[in-house]
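Let's take a walk through a protein model, starting with the whole thing and then stopping at a few residues along the way. Keep the picture open while you read.

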Amino acid sequence: MKPSTRRRLTRGILYAVFVLAVLAVVLLADWKAIGVNFFDPEVARRAFPDIITVAVKNTVVYTIIAFIGGLILGLVLALMKLSPVGPYRWAATIYIEIFRGLPALLVIFAIAFAVPIAFSWRPPGGSAGAGLIALIMVSGAYIAETIRAGIQAVPAGQTEAARSLGMGPAWTMVSVTLPQAFRIITPPLTNELVILIKDTSLLFIAGMALQDRELTTFARDSVSQSANATPLVLAAVMYLIITLPLTQLVAKLERHNQRGR
């Protein structure tokens, strides 16, 4: 058998398997039960407008706060890790390794419950504030490594040229290195933003007041009240509406950077 014939036969078999799998799902699924339990119009109607005015709004606000806080913390940690001063470099490395190795859920639980018990101190903003502090601490560790990689990816000749013009190390970093580094790391930073949008769903562990609920907590409470899974479907749709444009933006930025290189 010719290689071209073998390839066509293999491709045909793969298509046939795919079609059979789709037909099996379509024919074997209980579409009536799925419609009643996952796509109930009355349950969906009761979720509005709170799913937009409370859940989506809080999810977006929490994401922005956590991302800005993580970006600032990450920049400081990245500069510390690249510092020629040993103690700064060691402290940043230890912090980054610890918080990259810990689950975000565990950190949220610790800041929301363990720290207040141990130190008799409550984070500002209540449960939502505690969760956001934890997300900032975790995302800052990941963003720090992204920024460090971006700084080190800037050609050394750029720094040398700036120094030859009489610029000091600090001014060179601010005016030459960081702008180029952030251009390089824009796609991974945007990807980190997408991850943070989904990580806000972990804030439920801290316990949320009604007005502080994000999408996942709102959906969980609605499922409990209605004994129906339709709110979960609505929450999933809302997450996709928020995240899909950002993932497309990441792909576009990556293509743009590749063309630039």
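Among contacts in the protein between residues at least 6 apart in sequence, what percentage join residues at least 24 apart? The answer is 74%. Keep in mind that what you're looking at is a predicted model.

## The overall picture

Start with the building blocks: the protein has eleven helices and zero strands. If you read along the sequence, you get the pattern α-α-α-α-α-α-α-α-α-α-α.

Now for the dimensions. Along its principal axes, the C-alpha trace spans about 75 × 70 × 30 Å. The radius of gyration is 24 Å, while a compact globule of 261 residues would have one near 18 Å.

## Inside and outside

How much of the protein is tucked away? Of its 261 residues, 35% count as buried. As for the outside, the accessible surface comes to about 15300 Å². Carbon and sulfur atoms account for 70% of that surface.

## The largest pocket

Here's a handy idea before we look for gaps: if you roll a probe the size of a water molecule over the atoms, you find out where empty space is left. In this model, the largest pocket has a volume of about 280 Å³. It is lined by 14 residues, and the closest to its centre are Thr-159, Pro-169, Thr-172, Met-173 and Thr-177. Two elements give two or more residues each to this lining: helix 8 (156–164) and helix 9 (169–199).

Which helix gives the largest share of the lining? That's helix 9, with seven residues. Sorted by chemistry, the lining residues divide into nine nonpolar, three polar and two charged.

## Ala-162, in helix 8

Let's stay with helix 8, where you'll find Ala-162. Is Ala-162 buried or exposed? Its relative accessible area is 4%, and the cut-off for buried is under 20%, so Ala-162 is buried.

What does Ala-162 touch, not counting residues up to four places away in sequence? The list is Met-167, Thr-172 and Val-176. Thr-172 may ring a bell, as one of the residues closest to the centre of the largest pocket. For another view, try Leu-189: it sits 27 residues from Ala-162 in sequence, and the two are 26 Å apart in space, C-alpha to C-alpha.

## Three stops in the loops

First up is Leu-82, in the loop between helix 4 and helix 5 (86–101). With 29% relative accessibility, Leu-82 counts as partly exposed. Leu-82 and Arg-148 are 66 residues apart in sequence, yet their C-alpha atoms are 7.4 Å apart in space. Leaving aside neighbours within four places in sequence, Leu-82 is in contact with Arg-148, Ile-151 and Gln-152.

Next comes Trp-121, in the loop between helix 6 (104–119) and helix 7 (126–153). Its relative accessibility is 41%, which again counts as partly exposed. Once residues up to four places away in sequence are set aside, Trp-121 touches Val-115, Pro-116 and Ile-133. Then there's Ile-205, in the loop between helix 9 and helix 10 (215–226). A relative accessible area of 26% makes Ile-205 partly exposed. Apart from neighbours within four places in sequence, Ile-205 is in contact with Leu-105, Ile-108, Phe-109 and Phe-113. Ile-205 and Thr-217 are twelve residues apart along the chain, with 9.2 Å between their C-alpha atoms.

## Two backbone details

Have a look at the backbone too. Which residue is joined to Phe-48 by a cis peptide bond? It's Pro-49, and omega for this bond is about 0 degrees. Pro-49 lies in the loop between helix 3 (41–47) and helix 4 (50–81).

The other detail is at Ala-227, in the loop between helix 10 and helix 11 (230–260). Phi of Ala-227 is near 55 degrees, which is a positive value in a residue other than glycine. Is Ala-227 buried or exposed? Its relative accessibility is 68%, and over 50% means exposed, so Ala-227 counts as exposed.

Conventions. Residues numbered from 1 in each chain as written. Predicted model: local features only at pLDDT ≥ 70, side-chain atom pairs only at ≥ 80, totals over all residues. Heavy atoms only, no water. 1 Å grid on protein atoms, 1.4 Å probe; cavity = no way out; pocket = protein on both sides within 12 Å on 5 of 7 lines; lining within 4 Å. Points joined across faces, edges and corners; volume = space filled by probe spheres on them. Helix = DSSP H or I, 4+ residues; strand = E, 2+ residues; numbered from the N terminus. Nonpolar A, V, L, I, M, F, W, Y, C, P; charged D, E, K, R; others polar. Rg over C-alpha atoms; globule rule 2.2 N^0.38 Å. Buried < 20%, exposed > 50% of the residue type's maximum accessible area, 1.4 Å probe, protein only. Contact = heavy atoms within 4.5 Å. Areas by Shrake-Rupley, 256 points an atom, 1.4 Å probe, with all protein chains shown as cover.
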